[in-house]
Amino acid sequence: MTRVTDFYNKLTQDLMNLYFPQVKYHRDNETSQKMTYQVELFNNGCLTYNKLIKSIAKLVNDTEKNIEIIVDKYLVVTE
């Protein structure tokens with residue numbers, strides 16, 4: 001599994017627009033700050049895919065399936 005170019009920025013922008021449309025900068029809201037940090041940890045290889053999905057779902061109060069759909073747009077499965 002590989003990430004698309006500019007994975008972190010694309011994913012965080014998508015998540016911020018969907019779950020925190022009223023927040024201009026991710027640091028303005030504690031929950032959005034935690035969410036972007038989780039994406040950063042995954043992007044740097046410090047967090048597994050499953051932990052990323054579970055932590056974001058918990059932070060934004062959504063199902064893991066919905067988060068998977070969003071994250072999978074920015075991941076490419078390689079064999």
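**Calls and cut-offs in a predicted model**

Confidence in the chain bottoms out in strand E1 (residues 2-3), at a mean of 73, and peaks in H3, at 94. That score is pLDDT, the predictor's confidence in each residue, from 0 to 100; helices (H or I, at least four residues) and strands (E, at least two) are DSSP runs, numbered from the N terminus. This is a predicted model, where local features need pLDDT of at least 70, side-chain atom pairs count only at pLDDT 80 or more, and totals for chains, interfaces and linings use all residues. Residues are numbered from 1 along each chain as its sequence is written, and side-chain values use heavy atoms, with hydrogens and water left out.

Me: Why is Thr36 called buried?
Reply: Buried means under 20% relative accessible area, exposed over 50%, partly exposed in between (1.4 Å probe, protein chains only). Thr36 comes in at 3%, so buried fits. Thr36 sits in helix H2 (residues 30-43).

Me: What does Thr36 touch, beyond residues up to four places away in sequence?
Reply: Tyr8, Thr12, Met16 and His26. Contact means heavy atoms within 4.5 Å.

Me: How do you know that the buried residues of H1 line one face of the helix?
Reply: They are Phe7, Leu11, Thr12, Leu15, Met16 and Tyr19. Seen down the axis of H1, they fall within an arc of 140 degrees, so they share one face. The arc is taken from the directions from the helix axis to the C-beta atoms. Exposed Gln13 and Asn17 are on the face turned away from that buried side.
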